[in-house]
Amino acid sequence: MAQESNPVVSAVGLTKVFRDFWGRPKAKAVNDIDFEILEGEVVGLLGPNGSGKSTTVKMILGLLYPTGGQLSVLGRSPRAVETKREIGYLPEESYLYKYLTAEETLDFFGALFGLSRAERARHIEQLLDMVGMLHARRRRVGEFSKGMQRRIGLAQAMINDPAFLILDEPTAGLDPLGCKEVKDLILMLKKRGKTVLITSHLLSDIEDVCDRVIILYGGKIRAEGALDALLEVNKQERIITPTLPPEVMQRVLAILREHLHGESFSVDHPRRTLEEFFLEVIEQAKADSIETAGVIGGGRIAEYLTDREEGGLLNDLLKENTAPAPAPEPDEAAEREARETAAERTIEELTGADVPAPEAPAAPADPDRAEALAEADEKLNDLLGKRE
Ligand SMILES: Nc1ncnc2c1ncn2[C@@H]1O[C@H](COP(=O)(O)OP(=O)(O)OP(=O)(O)O)[C@@H](O)[C@H]1O
Ligand SMILES: [Mg+2]
């Protein structure tokens with residue numbers, strides 16, 4: 001990864017201590033860590049349960065205040081609304097309004113980001129196709145399987161075509177086909193110059209898509225580096241060839257014995273991974289037109305995610321941030337602050353921040369879906385009333 005890239009996230013001495021009711025330190029979730037995430041990188045944040053991954057992610061999102069240290073995201077404070085607008089977030093748990101349909105859910109989030117009706121319609125169609133959920137567009141999210149909810153969550157994280165995506169366990173609950181699609185999607189986003197931070201327990205997923213990993217344990221960084229450098233076994237070689245005729249193999253082995261002076265070596269056949277084999281079986285089943293009531297493979301990348309110049313938006317943003325921002329007029333500043341607080345509160349509710357979130361809008365029984373929608377609309381109006 002080019003070292004000259006701009007840092008999208010920069011953390012120095014980042015610390016988060018959770019306190020109990022009496023203000024006594026209860027858990028040092030993140031303990032004085034330094035790291036950077038550079039523009040265009042796909043970074044994996046790894047670590048066992050409770051090691052501080054989600055806490056770190058929530059601080060980057062501005063959903064939790066650090067107890068100590070400095071943290072900047074896209075050159076600004078993580079709590080700035082402008083920062084949030086450029087970030088797509090897939091939370092660890094799905095927080096979706098269960099009475100809204102897949103389409104309404106995405107429409108709601110699209111409106112939250114101030115997208116026009118026409119833009120929303122275009123993005124939603126393409127996103128649902130991409131995550132293999134077009135056929136379920138009018139079904140309520142509450143009826144979806146875990147994997148289907150994850151797919152809608154991913155679509156929601158991309159509705160605003162963010163420059164920086166944070167995916168907390170993106171493949172949790174997905175079948176291998178879904179995992180493969182998510183991984184392909186992440187690689188495509190990387191090609192488009194997006195920056196991605198992923199947490200996952202599925203190490204093979206991380207290995208397939210990440211340039212670099214940060215491994216946390218007990219809130220501390222225990223290892224960090226480019227995957228290639230970390231995983232390469234330095235003192236060994238591997239040569240892969242088509243199957244050799246026995247006499248050639250005999251000669252190769254003779255040469256190796258002569259040179260290795262009794263050191264052991266091995267020759268074997270490369271193995272496919274179980275994932276590759278599984279995907280082949282499913283592809284064959286699809287080709288044989290076997291019916292399924294489950295998810296229909298998506299995978300076609302939403303056009304609007306691909307039609308922007310590589311890294312263009314992020315470059316603009318970072319450029320914008322290097323220039324000092326003009327001080328807003330006093331009235332305007334107060335108005336903006338009020339709007340930001342409302343927006344933050346709503347985003348916190350939607351993403352399940354650690355602040356005590358009020359109950360999701362009353363989840364009434366069937367005919368009340370309209371009511372749930374009206375309530376969501378009202379919320380949006382409050383929030384976006386003045387935006388075009
Ligand atoms: N709101 C909270 N109040 C008190 N302690 C918390 C809170 N959130 C997290 N913690 C504690 O902080 C530590 C790190 O938690 P965190 O959720 O960041 O871990 P994680 O690495 O994401 O784990 P997992 O793999 O299980 O998702 C844990 O000890 C956890 O109990
Ligand atoms: Mg977590």
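This is a tour of a predicted model, stop by stop, with what to select and what is found there.

**The whole chain**

Start with the entire chain, coloured by secondary structure: the chain has 14 helices and 9 strands. Of its 388 residues, 34% are buried. Among contacts between residues at least 6 apart in sequence, 73% link residues at least 24 apart.

Next, colour by pLDDT. The average over the chain is 78, and 74% of the residues score at least 70. Where is confidence highest, and where lowest? Strand β4 (residues 68–73) has the highest mean, at 96, and helix α12 (residues 312–322) the lowest, at 45. Select residues 309–330 to see a stretch with pLDDT below 50, which has 23 contacts in the model beyond near neighbours in sequence. Residues 383–388 also have pLDDT below 50, and that stretch has 7 such contacts.

**The β1–β2 hairpin**

Select strand β1 (residues 7–19) together with β2. The two strands pair in the antiparallel sense, over 9 bridges. One residue to pick out is Phe18, whose bridge partner in β2 is Ala27. Then move to the turn: 5 residues lie between the strands of this hairpin, and Gly23 has a positive phi near 80°.

**Around ligand 1**

Keep Phe18 selected and show ligand 1. Which residues come nearest to the ligand? Of the 14 residues around ligand 1, they are Phe18, Ala29, Asn49, Ser54 and Thr55. The elements that contribute two or more residues to this shell are β2 (25–38) and α1 (53–60). Colour the shell by residue class, and it divides into 3 nonpolar, 7 polar and 4 charged residues.

**Leu74, after β4**

From the ligand, go to the loop between β4 and α2 (81–85), and select Leu74 there. The phi of Leu74 is near 55°, a positive value in a residue that is not glycine. Most residues other than glycine have a negative phi. Is Leu74 buried or exposed? Leu74 has 27 other C-beta atoms within 10 Å, so it is buried, the cut-off being 20 or more.

**Helix α5 and what covers it**

Now select helix α5, residues 146–157. At 1.5 Å a residue, its 12 residues should span 16 Å, and the C-alpha atoms at its ends are 16 Å apart, which agrees. Because 10 of the 12 residues of α5 are buried, the helix is largely enclosed by the rest of the structure. The buried residues are Met148, Gln149, Arg150, Arg151, Ile152, Gly153, Leu154, Ala155, Gln156 and Ala157. To see what covers them, add β5 (87–90), α3 (102–112), α4 (117–130), β6 (164–168) and α6 (176–191), which are among the covering elements.

**Arg120, in α4**

One of those covering helices, α4, holds Arg120. Select Arg120 and its surroundings: 19 other C-beta atoms lie within 10 Å, so the residue is partly exposed; 20 would count as buried. Leaving out neighbours within four places in sequence, Arg120 contacts Asp107, Gly110, Ala111 and Leu115. Measure also from Arg120 to Ile159: these residues are 39 apart along the chain, with 8.0 Å between their C-alpha atoms.

**Glu169, after β6**

Follow β6 to the loop between it and α6, where Glu169 is located. Like any residue picked out for this reason, Glu169 is not glycine, yet its phi is positive, near 55°. With 20 other C-beta atoms within 10 Å, Glu169 is buried.

**Ser204 and helix α10**

The last stop begins at helix α7 (residues 203–209), which contains Ser204. Ser204 is partly exposed, because 13 other C-beta atoms lie within 10 Å, while 12 or fewer would make a residue exposed. Draw a distance from Ser204 to Glu275: the two are 71 residues apart in sequence and 9.8 Å apart in space, C-alpha to C-alpha.

Finish by selecting helix α10, residues 274–287. Its 14 residues reach 20 Å from the first C-alpha to the last, close to the 20 Å expected at 1.5 Å a residue. How many of the 14 residues of α10 are buried? The count is 0, and the helix is hardly covered. In α5, by comparison, 10 of the 12 residues are buried.

Notes
Residues are numbered from 1 along each chain as its sequence is written. Chains are lettered from A and ligands numbered from 1 in the order in which they are written. This is a predicted model: local features need pLDDT of at least 70, side-chain atom pairs count only at pLDDT 80 or more; totals for chains, interfaces and linings use all residues. A residue is near a molecule or strand if its C-beta atom, placed from the backbone, lies within 6 Å of it. Helices (H or I, at least four residues) and strands (E, at least two) are DSSP runs, numbered from the N terminus. Ala, Val, Leu, Ile, Met, Phe, Trp, Tyr, Cys and Pro count as nonpolar, Asp, Glu, Lys and Arg as charged, and the others, Gly among them, as polar. The expected span of a helix is 1.5 Å times one less than its number of residues. Two residues are in contact if their C-beta atoms, placed from the backbone, lie within 7 Å. pLDDT is the predictor's confidence in each residue, from 0 to 100. Two strands pair if DSSP finds at least two bridges between them.
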